[in-house]
Amino acid sequence: MAKRVLIMSGGGSKGAFQAGVIEQLNREGWDPDAVAGISVGALNGVMVATGQSDKLIKIWQDLREEQVLKKRRIDRQAKNYLLHKIGVEKATLGFFDNSPLKKKLKESVGSKFTKHYYCGTVNIETGAYKEHIARPMMVPWNYLDAVIASTAIPVVFDPVNLDGELHVDGGVRHMNPIGKILQEHNPDEIIFITTRKFDEPNEVKKVDDVVDVAIQSLNILLEEIFMKDLREFIRINELVRQADEQGAVLKKSNGEPFKVYKATLYQPDKSLGDSLNFSNEQANRNINIGLEAEPIDL
């Protein structure tokens with residue numbers, strides 16, 4: 001059973017902030033036994049879960065846009081569409097090719113899992129949610145496609161083929177791994193890392209085209225799901241704490257008592273910028289914000 005759990009939200013390039021917080025935790029000697037994340041939180045999470053958390057800062061500092069985003073040219077998309085209609089080629093299913101991201105992840109991830117790891121995807125054809133769970137000592141290579149799929153925003157990125165099924169970001173089914181990881185491990189300590197301030201409105205973002213609309217739509221959805229579940233966790237934890245102080249015991253439907261968790265939140269104290277801005281300038285700025293983030297007891 002994991003005693004320490006790390007749970008991270010999505011946020012695209014804002015994930016550099018998470019890298020800064022993780023480095024801060026490393027310096028303080030806080031090491032999780034289990035890690036869960038959605039979208040970029042799943043990417044950072046698999047690095048932590050395979051023992052590569054000390055390399056995250058450098059990876060984000062060295063990251064170039066072409067290693068994450070490979071936009072297809074409009075003329076080639078039009079040609080592909082025509083060839084698809086006459087049965088010559090398969091249609092492209094996203095504006096961006098996510099093969100560069102998979103290549104970067106394969107180069108960076110550790111050789112085996114050292115911690116429990118959780119992420120989720122959705123079968124875009126059936127709508128079925130699928131959990132992807134890795135255990136310590138497992139090798140990561142069979143999980144990388146699932147990690148990439150957990151970042152695949154529909155329309156923006158290609159769906160990922162998992163065992164003959166096309167999968168995308170699990171957020172489209174209003175799902176995240178908070179409940180699952182708590183259910184399986186009942187940990188003593190939990191740290192949440194978000195990429196915007198908790199319980200504040202979404203930042204204003206100008207949208208210029210259909211890609212911007214798709215990205216902003218799913219970002220709003222993912223953040224709201226994560227924040228909603230975080231609010232519910234805080235509400236229940238506070239009720240259990242109050243009952244405990246009064247000598248009462250609150251129980252789950254299966255008869256097990258609820259537990260008061262020691263929970264901490266790390267959040268940015270300022271805007272982290274555009275979620276698709278992978279410039280070195282923004283990455284370094286967000287890393288520094290993460291290094292200096294103050295823990296908030298929940």
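The following dialogue examines salt bridges and one buried strand in a predicted model.

Biologist: Why is the contact of aspartate 31 with lysine 115 called a salt bridge?

Modeller: The N to O distance between the two side chains is 3.0 Å. The criterion asks for a Lys or Arg side-chain nitrogen within 4 Å of an Asp or Glu carboxyl oxygen, so the pair qualifies. Aspartate 31 lies in the loop between α1 (15-27) and β2 (34-37), and lysine 115 in the loop between α5 (99-108) and β5 (116-123), so this pair, 84 residues apart, links distant parts of the chain.

Biologist: What makes lysine 115 buried or exposed?

Modeller: Its relative accessibility is 8%. Buried means under 20%, so lysine 115 counts as buried. Aspartate 31 has a relative accessible area of 39% and is therefore partly exposed, as this value lies between the cut-offs of 20% and 50%.

Biologist: How do you know that lysine 103 and glutamate 107 are separated by about one helical turn?

Modeller: They stand four residues apart in helix α5, and therefore about one helical turn separates them. Their side chains meet in a salt bridge of 2.7 Å, N to O. Lysine 103, at 55% relative accessible area, and glutamate 107, at 51%, both count as exposed because the cut-off is over 50%.

Biologist: What makes the contact of lysine 259 with aspartate 188 a salt bridge?

Modeller: The closest N and O atoms are 2.8 Å apart, and the limit is 4 Å, so the contact is a salt bridge. Lysine 259 has a relative accessible area of 25% and aspartate 188 one of 35%; each is partly exposed, because the values fall between 20% and 50%.

Biologist: Why is β5 described as largely enclosed by the rest of the structure?

Modeller: Eight of the eight residues of β5 are buried, so the description follows. Both faces are covered: His116, Tyr118, Gly120 and Val122 are buried on one side, and Tyr117, Cys119, Thr121 and Asn123 on the other.

Biologist: How do you know that β5 pairs with β2, and in which sense do they run?

Modeller: Three bridges join them, and pairing requires at least two, so the strands pair. They run parallel, with histidine 116 of β5 as the bridge partner of alanine 34.

Biologist: What makes β6 and β9 partners of β5?

Modeller: The requirement of at least two bridges is met in each case, because β6 (residues 129-134) has six bridges to β5 and β9 (residues 165-169) has three. Both pairings are antiparallel. Tyrosine 118 has isoleucine 133 in β6 as its bridge partner, and asparagine 123 has histidine 167 in β9.

Terms used. Residues are numbered from 1 along each chain as its sequence is written. This is a predicted model: local features need pLDDT of at least 70, side-chain atom pairs count only at pLDDT 80 or more; totals for chains, interfaces and linings use all residues. Side-chain values use heavy atoms; hydrogens and water are left out. Buried means under 20% relative accessible area, exposed over 50%, partly exposed in between (1.4 Å probe, protein chains only).
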